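User: I would like to go through this model step by step, with each answer reasoned from the structure.

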Amino acid sequence: MLKVNGLEITARSAKERLVKSISFEVGKGETLGLIGESGSGKSITAKAVMGLLNRRMFDIGGNILWKNEEILSKKGNMPRGWRGEQTAMIMQDPMTAFAPMMRLGKQIEMGFELKGRNAKQLFYEQLDSALKSVNLADMKKILKSYPDELSGGMLQRVMISVTLMKKPELLIADECTTAVDAASEYMILKQLEQQRKNGMSMIIITHDFGVAARLCDKVAVMKSGNIIEKGKTLDVFTSPQTEYTHELAAASVLFREDVC
Ligand SMILES: Nc1ncnc2c1ncn2[C@@H]1O[C@H](COP(=O)(O)OP(=O)(O)OP(=O)(O)O)[C@@H](O)[C@H]1O
């Protein structure tokens with residue numbers, strides 16, 4: 001479904017190559033984990049796939065094929081429905097997804113084309129049930145709220161619920177549980193697991209090997225803009241081929257043992 005071949009990203013200002021000829025694929029219903037330390041190039045890779053990088057700031061080379069169609073050449077002018085129905089990205093910080101001065105209800109409604117009373121009624125029934133599935137019982141209160149009136153974890157759960165209502169074919173989740181409380185993390189992971197069962201293709205960006213082990217069929221390990229190792233999740237985690245992956249895995253286990 002998604003094929004990335006020899007992707008290179010250079011920041012024009014610093015003439016610095018941030019991503020260095022990386023290749024990976026995500027098949028239908030498959031979940032790929034992009035893992036690696038901070039600054040290794042995971043988010044910028046995801047943004048390139050989504051067509052979210054400003055070409056005046058970044059020089060992008062290689063190929064990104066979506067259902068065999070080259071999308072890099074579109075230079076950000078993606079086809080209708082590209083973001084939302086075909087692909088969607090959940091960012092680490094939900095505040096970046098919402099305008100601070102507008103009530104959530106208005107913002108959410110703007111993201112959908114709701115023609116007629118029946119469509120609206122059905123939409124709100126579906127939204128209510130999506131919010132309840134992540135333990136947000138009071139839809140009316142949420143819709144009346146401004147983004148900063150909810151906790152980070154609540155806002156992230158609202159964003160994920162709304163994003164998933166569009167049923168994107170490919171979902172990219174960028175560290176979407178890093179900044180939330182443990183209860184929210186649990187509910188978000190359950191929600192992603194459910195989407196995986198439903199056959200949604202996903203790219204999960206995470207530092208957390210536990211999250212990757214739980215959700216991902218395969219992983220690619222990034223370091224300094226390169227993919228240094230990739231393969232089936234269990235293979236990579238149980239028999240890492242590079243010292244770096246071995247150290248990352250060990251650090252993750254140590255951290256988990258520390259906090260448990
Ligand atoms: N707009 C930008 N201009 C120049 N360099 C950038 C820009 N955005 C990111 N970078 C650089 O690109 C590199 C990769 O950043 P990226 O955000 O993709 O890392 P990451 O692996 O997602 O890290 P984290 O896990 O902390 O989110 C970093 O060196 C970062 O400083």
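The questions below go from the whole chain to the sheets, a helix and the ligand.

Analyst: This is a predicted model, in which local features need pLDDT of at least 70 and side-chain atom pairs count only at pLDDT 80 or more, whereas totals for chains, interfaces and linings use all residues. Residues are numbered from 1 along each chain as its sequence is written.

User: How many helices and strands does the secondary structure of the chain come to, and how compact is the chain for its length?
Analyst: Taking helices (H or I, at least four residues) and strands (E, at least two) as DSSP runs numbered from the N terminus, the chain has 9 helices and 10 strands. Its radius of gyration, taken over C-alpha atoms, is 19 Å and close to the 18 Å that the globule rule (2.2 Å times the number of residues to the power 0.38) gives for 260 residues, so the chain is as compact as a globular protein of that length.

User: What share of the contacts with a separation of 6 or more joins residues 24 or more positions apart?
Analyst: Two residues are in contact if their C-beta atoms, placed from the backbone, lie within 7 Å. Among contacts in the chain with a separation of 6 or more, the share from residues 24 or more positions apart is 65%.

User: Which strands stand at the edges of the open sheet of 6 strands?
Analyst: Counting two strands as paired if DSSP finds at least two bridges between them, this open sheet has mixed pairing and the order β6-β7-β8-β3-β9-β10. One side of each edge strand is left without a neighbour in the sheet, because each has a single partner strand, and these edge strands are β6 (87–90) and β10 (226–232).

User: Which residue of β10 is the bridge partner of Val-219?
Analyst: Strand β9 (residues 218–223) pairs with β10 in the antiparallel sense over 6 bridges. Within β10, the bridge partner of Val-219 is Gly-231.

User: What is the order of the open sheet formed by 4 strands?
Analyst: Strand β1 (residues 2–11) runs antiparallel to strand β2 (residues 16–26), joined to it by 7 bridges, and β1 also pairs in the antiparallel sense with strand β4 (residues 58–66) over 8 bridges. Ile-9 has the bridge partner Ile-60 in β4 and the bridge partner Val-19 in β2. The pairing of this open sheet is antiparallel, and its order is β2-β1-β4-β5.

User: At about what angle does α1 run to β7?
Analyst: Axes are lines fitted to C-alpha atoms, for helices over the stretch in contact, and angles run from 0 to 180 degrees between N-to-C directions. Helix α1 lies across β3 (31–36), β6, β7 (170–174), β8 (201–206) and β9. Its angle to β7 is about 150°.

User: Which residues of α1 are buried?
Analyst: A residue is buried if 20 or more other C-beta atoms lie within 10 Å of its own, with C-beta atoms placed from the backbone. In α1, the buried residues are Lys-42, Ile-44, Thr-45, Ala-48, Val-49 and Met-50.

User: Which helix gives the most residues to the shell around the ligand?
Analyst: A residue is near the ligand if its C-beta atom, placed from the backbone, lies within 6 Å of it, and the residues surrounding the ligand include Ala-11, Leu-18, Gly-36, Lys-42 and Met-57. The shell divides into 4 nonpolar, 6 polar and 1 charged, where Ala, Val, Leu, Ile, Met, Phe, Trp, Tyr, Cys and Pro count as nonpolar, Asp, Glu, Lys and Arg as charged, and the others, Gly among them, as polar. With 3 residues, the helix that gives the most to this shell is α1 (residues 42–50).

Technical notes. Buried ≥ 20, exposed ≤ 12 C-beta atoms within 10 Å, placed from the backbone.
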